[in-house]
Amino acid sequence: MRDPYEVLGVPRSANAAAIKSAYRKLAKKYHPDANKNDPKAAARFSELNSANEIIGDADKRKQFDRGEIDGEGKPRFQGFPPGGDPRARAGGFESHTFRSGGAGGGGFEDILNSMFGAAGRGARPGGGGGGGSRFEFDPGTMALDLDISVSMTVSLEEAVNGAEKRVRLPSGKELNVKIPAGVVAGQQIRLKGQGESAAGHPPGDLLITVSIAQHPLFKVDGSDLRLDLPITLYEAVLGGKVRVPTLGSAVELSIPKNTSSGRTFRLKGKGLPKAGGNGDLLVTTRIMLPDGNNAELEALMQKWRDAHPYNPRSDFS
């Protein structure tokens with residue numbers, strides 16, 4: 001993935017508000033619902049979500065700026081430390097192969113034997129100088145952790161409908177991964193045999209933990225979705241039909257006369273999949289005034305205020 005700053009078109013010095021503004025502007029431009037004839041729009045939209053997931057989050061942005069994670073939020077692979085693969089562990093100890101010391105003695109096995117004694121895991125009886133029976137540590141009996149864990153960010157649409165995405169492993173290998181429809185944040189996908197391999201051991205698995213990118217329009221509330229719907233002053237007063245976006249096709253919502261800002265309407269079955277059906281879409285109206293000053297509107301409101309005064313805050317103490 002490209003640099004998240006480059007994807008959102010903001011400099012590295014941009015503040016959080018500038019990043020949020022850039023993301024919303026681009027997400028609206030490339031939203032699949034507005035680009036149904038552009039096959040590249042969905043990929044661009046997904047890329048925007050992934051970029052915002054990184055630099056739109058204060059903690060992840062710091063990690064990215066420090067070089068701790070890459071543009072997809074995955075830990076940057078720094079290579080193995082000298083002496084072996086840190087994934088080969090048993091009981092918290094790294095598994096390395098050491099040759100027994102010759103005349104010098106005092107090899108790695110001796111150190112482990114002194115720590116674990118005869119009851120040590122992976123110990124086997126053997127002879128040695130100094131008389132008496134002693135146990136030698138056998139690294140070959142230690143279990144290897146060959147699983148690989150990575151994270152993947154998907155858009156809300158991809159989580160609901162399913163998708164095929166490409167994941168990059170720490171080794172540099174890339175795989176196509178099928179994301180099942182209805183996946184939820186924190187769910188783990190296991191790909192058998194796609195982990196690390198070692199002679200004499202079955203290959204490990206690839207464990208992919210899924211996160212869902214913030215959506216430019218919808219907020220997830222369990223299996224429900226929430227949407228703030230801007231309406232005009234005259235739509236609030238006179239009522240009317242307003243088109244409302246959903247994760248599928250847009251629907252029409254009837255706004256009753258004299259609708260206040262903050263009123264919530266429930267659209268049944270327009271939320272996220274759940275057992276036995278779908279959640280709902282909760283639409284909250286937000287009355288928006290026109291930009292700039294409007295002398296005619298101000299005169300009308302002054303006249304109406306003088307003739308019909310009222311106090312919506314009368315219940316306040």
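The paragraphs below lead through a predicted model, from a small group of paired strands to a buried threonine and then to the nonpolar cores.

Three strands make up an open sheet with mixed pairing, and their order is E5-E9-E8. Strand E5 (148-154) and strand E8 (188-191) stand at the edges, and because each has a single partner strand, one side of each is left without a neighbour in the sheet. Direction ignored, neighbouring strands of this sheet are turned by 25° against each other on average. The pairing of E5 with strand E9, residues 206-212, is parallel and extends over 7 bridges; within it, Val-150 has Ile-208 of E9 as its bridge partner. In general, strands of a sheet pair through backbone hydrogen bonds, in either the parallel or the antiparallel sense.

An antiparallel case is found where E14 and E17 are joined by 4 bridges, with Arg-266 standing opposite Leu-282 in E17. Strand E14, which covers residues 264-267, has two distinct faces: Phe-265 and Leu-267 lie on the covered one, whereas Thr-264 and Arg-266 lie on the uncovered one.

Strand E17, residues 281-288, also holds Thr-285. Is Thr-285 buried or exposed? With a relative accessible area of 0%, Thr-285 counts as buried, because the limit for that class is under 20%. The side chain of Thr-285 reaches the backbone oxygen of Ser-260 at 3.0 Å. Leaving aside residues up to four places away in sequence, Thr-285 touches, among others, Leu-229, Ile-231 and Ile-255, as well as Ser-260, Arg-263 and Phe-265.

The strands E14 and E17 return in the description of the largest nonpolar core, since both are among the elements that give two or more residues to this core, together with helix H6 (156-161), strand E11 (224-232), strand E12 (240-244) and strand E13 (251-255). The core has 18 residues, of which Val-244, Leu-253 and Leu-281 touch the most other members, and its largest share, 4 residues, comes from E11. For Val-244, the contacts beyond four places in sequence are Leu-227, Leu-229, Ala-250, Val-251, Leu-253, Leu-267, Leu-281 and Val-283; Leu-267 in this list is also one of the residues on the covered face of E14. Apart from this core lies another, of 17 residues, including Val-7, Leu-26, Leu-48 and Phe-64. As a general tendency, nonpolar side chains in soluble globular proteins are buried together.

Technical notes: Residues are numbered from 1 along each chain as its sequence is written. This is a predicted model: local features need pLDDT of at least 70, side-chain atom pairs count only at pLDDT 80 or more; totals for chains, interfaces and linings use all residues. Side-chain values use heavy atoms; hydrogens and water are left out. Two strands pair if DSSP finds at least two bridges between them. Axes are lines fitted to C-alpha atoms, for helices over the stretch in contact, and angles run from 0 to 180 degrees between N-to-C directions. Buried means under 20% relative accessible area, exposed over 50%, partly exposed in between (1.4 Å probe, protein chains only). A polar contact is a pair of N or O atoms within 3.5 Å; within protein, one must be able to donate a hydrogen and the other to accept it, and residues adjacent in sequence count only if both atoms are side-chain atoms. Contact means heavy atoms within 4.5 Å. A nonpolar core is a set of buried Ala, Val, Leu, Ile, Met, Phe, Trp, Tyr and Cys residues joined through side-chain atoms within 4.5 Å.
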